[in-house]
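Here is a short briefing for a first look. Keep the sequence and the structure in view as you read.

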Amino acid sequence: MVKKIILFFCLAGVFLQSAFPQDQTVGLFTYDTAAYDGYTLFAPLRSKTAFLIDNCGRLINQWVNDKVPGNTVIFTPTGHLLRSEMIPNPVMNVGGMGGRVEKVDWDGNIVWEFTYSDSSVAHHHEALMLPNGNVLLLALERRPIAEAFARGRNPANTNVDEFWPEQIVEIQPIGTDSGAVVWEWHIWDHLIQDFDSTKADYGNIADHPELLDINFTFSAFAEDWLHANAIDYNAERDEIILSLRNTNEFYIIDHSTTSAEAAGHTGGNRGKGGDFLYRWGNPMVYDRGTEADQQLFGQHHVHWVEEGSPDYGKILAFNNGALRPDSNYASIDLINPPLDSAGNYVLSGTNAWGPDSAEWALTVDIPMKYPAGFLGSSQQLPNKNLLICHGPDGILYEVDSTGQLVWHYVIPVGQNGPYNQGGSVSNASANSLDTRTFRCIRYPKNYPGLAGISLSLGDRIEGNPLPLPVNCNTDGLEDLLWETARIFPNPAGEKIAIQLDDSRRQIYRIRNLHGQAVLEGEYQEGNFIDISRLSPGVYLLEVWASEDTFPKVGKFVRQ
């Protein structure tokens, strides 16, 4: 039985009261010291810049591009940014289209670029660097619909002229602008059908869970029949994960094969060639389950948990929740595939591949935002926290193992550059959101790619930024704390006052001990602040004049 952790919080409208003339709309909303210390990488899909920020939202580095971005942005252990670009007017054009990949150094210089897009193939969504320095690409291949019919595709379920099945290619970089395909795998080589006994690949679907049913249909109008959106590589097992959104499944294949073995059904470390070693998410696709058994719903960012994190080796998925039957919500699901003593994936008799459900699922409820119909990512951090990107809304947040929010950041930049703090953000709908983002990744401060790089803290990305929270003050909290007597009465009932040494108009913000802002406004000495809506507990009070960089901070108790 899946353990479900339910987290309720509202990422919009964090402040309960705002007399403050500059309401917060973007940037850092919450920063608890329980957040994992590191640098977060993100690249809005409508921006031509990738950003690396610290937990306070301060810029560590940015990589500016003059081309339309694709989806992939990864900071590699070699200190390079690997990013995708969308080539102009691709022959095959789907969501997540790329076509070109670049490797860029810290200063933004292109050290290698490669195009994998023409009239017959098209890179899309995902690119990642292997330990040997080669680059793994996810791509489409273009086939006439007659080839699909020859393989047993049912014409009644087809209303397109072409079929675009998925492939994975490994590219060995050559020079600064070339590469060679040194390994490849095609899903076209691993199909089955039970529609037409006179056509190729005819068989019983349930007897061949290692193959994909060519007649499992998400849409009769989709050349992009499967819509893969993620791949990942496990160096220890030499295996690849492939996520197919339109089948609501992910698949594991053997990378130890040669390209010839990957096209067949034997060879490689596991002896199964390029057939699926394991699949999970929707056993209906291979006739070993019903709708009640479906676990994944339009998932993204399926990947192995990285070494150094508590659930290393298990699989994490951003489960978007599209068309989930009980209700529409997204979740972060952890899956632990069954293995035998030799490391093979266990499949018992005529059952579906286990487990029956995720080991645990974090369910996040953000009013009016779910399900996340497209985009999204999750990452388990070394302290067991989860970093989550709600891609359609451009919101990044981190929660601890109990579901408590410890970091919350609203991406403040779109296609026309940064937004001003307090200004509107183009988020009328998911399809028009200017800040939508494919993925975010947190890198530890000792990450190998940062070795030898002289880091400096920049300013926030947004215009007119608010003063930094007190735990971002590099001079130390003790230099900012007031004496307790400056807030009175303390403990307090429904009102507090502040003793000031400054006649300027002050701005105040009250935070709970998790760093979340709960009340803010303007203050002048002699007035009171109404705290009647606050629950009993300990709070931090920040006070500053508009031109100050850091607030003064006091602590008080609400009885």
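Start with one arginine: Arg460 counts as buried because its relative accessibility is 17%, and buried means under 20%. Arg460 takes part in a salt bridge with Asp459. The model is predicted, and the points below go from charged pairs to the cores and then to the whole chain.

**Salt bridges**

- The closest N and O atoms of Asp459 and Arg460 are 3.3 Å apart.
- Salt bridges with shared partners link Asp66, Lys67, Arg83 and Glu102 into one network.
- Arg237 and Glu239 also pair through their side chains, at 2.9 Å from N to O.
- Arg237 has a relative accessibility of 17%, so Arg237 is buried.
- Glu239 is buried too, because its relative accessibility is 0%.
- Asp196 and Lys199 form a salt bridge as well, with an N to O distance of 2.8 Å.
- Is each partner in that pair buried or partly exposed? Asp196 is buried, with a relative accessible area of 17%. Lys199 is at 31% and therefore counts as partly exposed.
- The count for salt bridges comes to 22.

**Nonpolar cores**

- The largest nonpolar core holds 46 residues.
- Which residues have the most contacts inside that core? They are Leu41, Trp63, Ile168, Trp185 and Leu212.
- Leu212 touches a mixed set of residues, leaving aside those up to four places away in sequence.
- Among the residues that Leu212 touches are Ile187, Leu191, Ile192, Leu226, Leu244 and Val285.
- Trp225, Tyr251 and Phe276 are also touched by Leu212.
- The list for Leu212 includes His190, Thr247 and Arg279 as well.
- Another core, of 22 residues, lies apart from the largest one. Leu59, Leu387, Val406 and Val413 are among its residues.

**The whole chain**

- How many helices and strands does the chain have? There are two helices and 39 strands.
- The chain has 559 residues, and 58% of them count as buried.
- The accessible surface of the chain comes to about 22300 Å². Carbon and sulfur atoms account for 48% of that surface.
- Among contacts with a separation of 6 or more, 60% are between residues 24 or more positions apart.

Technical notes: Residues are numbered from 1 along each chain as its sequence is written. This is a predicted model: local features need pLDDT of at least 70, side-chain atom pairs count only at pLDDT 80 or more; totals for chains, interfaces and linings use all residues. Side-chain values use heavy atoms; hydrogens and water are left out. Helices (H or I, at least four residues) and strands (E, at least two) are DSSP runs, numbered from the N terminus. Buried means under 20% relative accessible area, exposed over 50%, partly exposed in between (1.4 Å probe, protein chains only). Contact means heavy atoms within 4.5 Å. Accessible areas come from the Shrake-Rupley method with a 1.4 Å probe; for residues, only the protein chains shown count as cover. A nonpolar core is a set of buried Ala, Val, Leu, Ile, Met, Phe, Trp, Tyr and Cys residues joined through side-chain atoms within 4.5 Å. A salt bridge is a side-chain nitrogen of Lys or Arg within 4 Å of a carboxyl oxygen of Asp or Glu.
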